[in-house]
Amino acid sequence: MSIAKKEYKRVTVKSLVEMKQNGEKISMLTAYDYSMALIVDTANVDVILVGDSASNVMAGHETTLPITLDHMIYHASSVIRAVKRALVVVDIPFGSYQSDPKEALRSAIRIMKESGAHAVKVEGGIEIKESVKRILNAGIPVMGHLGLTPQAIYKFGSYSVRAKEKEEAEKLIEDALLLEKLGCFAIVLEKIPAELTKKISEKLSIPTISIGGGRDADGQVLVIHDLLGMTHEFNPRFLRRYMNLYEDMGNAISQYVKDVKSMDFPSKEEQY
Ligand code: KIV
C-alpha cells in the first residue's frame, strides 16, 4: 500500500514528478461522472483519468474506438465539477489526434477549454510525435500511453501482453524516452512484462503508471468499474477487485423489486 509522504492540497503534474523522486507511489483511477468522481477524489486518489474506457463501461461498446470528442468533454466536465484535489487527465479519443498535429491541438484545446481538465492523454510513441509536440507547445500537459494501447486493438488483434519480444520491447523503450524528451509529464504502461516496466521506470525521470505492468512502476491505475467489481466478465490477472458490486447491487435491486411488488416499500413511515 502506498503511504502519502507529503500532503498535496491539489495534485499537479509537478507533484507527480516529486512523488517519484520521493519514492511515493502514485494512485490513479478512472471516473466518468460527477458522483463517482466525488467519491474517488474524497478518497485521495492522486490522478483521476477520464478514460476513453467510458466507451466500454459507460456506453457498452466493445472497444474504445466509437467514443467521440463531444462525449469525452461531457464526461470530463461532469468529473471536473466534483474534483477538488486530484489531477484530472482526459483521454483524447481515437480519430481526434492521429491524422494531423493541428487537429490534435484543436482537440486538446477543446478538452481543456470546455471541460476544465488539467491534462490530456494520448496513445502511441514516435507515430504521434508531431501531435504531442504541438499540444505541449500550447502549454497543455500530456500523459503518454504505451504497451497495449486499446485504440490500436484491431492492429494487435487481441488484448494479450505486449512487448514480450525483444524488438517490440526495444521500440517501447525508445518511445518512452522520446515521450519524456518531448516533455510528457508521465506515461501509462499497459499490459507489458514487469521486468520491462522496471527497466523503463529506472531510465525515466518522469513517472510511469502501470495497468498490468507490474509492481515496479511509479504508480498504478485501474478502471473504477473493475476495482469495484461492477464488471464481472473481465478477469485479467492484473485486476484486484476490492468489492463485488455486480452481485451486491443486483441483490439490492432485486430486493427493491420484491418490496415494491409486495407493498413493503414504501412503508407508512416513508410517506407524507
Ligand atoms: O481509458 C482508460 O481507462 C485507460 C486506462 C486503462 C489507462 O486508458
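Two speakers ask and answer how terms apply to this predicted model.

Modeller: This is a predicted model, where local features need pLDDT of at least 70, side-chain atom pairs count only at pLDDT 80 or more, and totals for chains, interfaces and linings use all residues. Residues are numbered from 1 along each chain as its sequence is written, and side-chain values use heavy atoms, with hydrogens and water left out.

Biologist: What makes a residue one of those around the ligand?

Modeller: One of its heavy atoms must lie within 4 Å of the molecule. The residues that pass are Thr30, Leu49, Gly51, Asp52, Ser53, Asp91, Lys121, His145, Val188, Glu190, Ile211 and Val223.

Biologist: How does this shell divide into nonpolar, polar and charged?

Modeller: Ala, Val, Leu, Ile, Met, Phe, Trp, Tyr, Cys and Pro count as nonpolar; Asp, Glu, Lys and Arg count as charged; the others, Gly among them, count as polar. The shell has four of each: four nonpolar, four polar and four charged.

Biologist: How do you know that the side chain of serine 53 makes a polar contact with the ligand?

Modeller: A polar contact is a pair of N or O atoms within 3.5 Å; within protein, one must be able to donate a hydrogen and the other to accept it, and residues adjacent in sequence count only if both atoms are side-chain atoms. An oxygen atom of the ligand is 2.5 Å from an N or O atom in the side chain of serine 53. Therefore the pair is a polar contact. For aspartate 52 the distance is 3.0 Å, and for aspartate 91 it is 3.1 Å.

Biologist: How much of the ligand does the protein bury?

Modeller: Taken alone, the ligand exposes 260 Å², and the protein buries 95% of that. Such areas come from the Shrake-Rupley method with a 1.4 Å probe; for residues, only the protein chains shown count as cover.

Biologist: Why is aspartate 218 called buried?

Modeller: Buried means under 20% relative accessible area, exposed over 50%, partly exposed in between (1.4 Å probe, protein chains only). Aspartate 218 has 12%, so it counts as buried. This residue lies in the loop between strand S7 (208–211) and strand S8 (219–222). Helices (H or I, at least four residues) and strands (E, at least two) are DSSP runs, numbered from the N terminus.

Biologist: What does the side chain of aspartate 218 contact?

Modeller: A polar contact of 2.8 Å joins it to the side chain of lysine 20. A polar atom of the aspartate 218 side chain also lies 2.9 Å from the backbone nitrogen of threonine 208.

Biologist: Why is alanine 76 called buried?

Modeller: Its relative accessibility is 0%, so alanine 76 counts as buried. Its place is in helix H4 (residues 69–80).

Biologist: Why is leucine 177 called partly exposed?

Modeller: Its relative accessible area is 36%, so leucine 177 is partly exposed. Leucine 177 lies in helix H8.

Biologist: What is notable about phi in alanine 163?

Modeller: Most residues other than glycine have a negative phi. Alanine 163 is not glycine, yet its phi is positive, near 55°. Alanine 163 lies in the loop between helix H7 (153–156) and helix H8 (166–182). With a relative accessible area of 3%, it is buried. Lysine 191 also has a positive phi, about 45°. Lysine 191 lies in the loop between strand S6 (186–190) and helix H9 (194–203).

Biologist: Which peptide bond is cis?

Modeller: The bond joining phenylalanine 265 and proline 266 is cis, with omega about -5°. Most peptide bonds are trans. Proline 266 lies in the segment after helix H11 (245–261).
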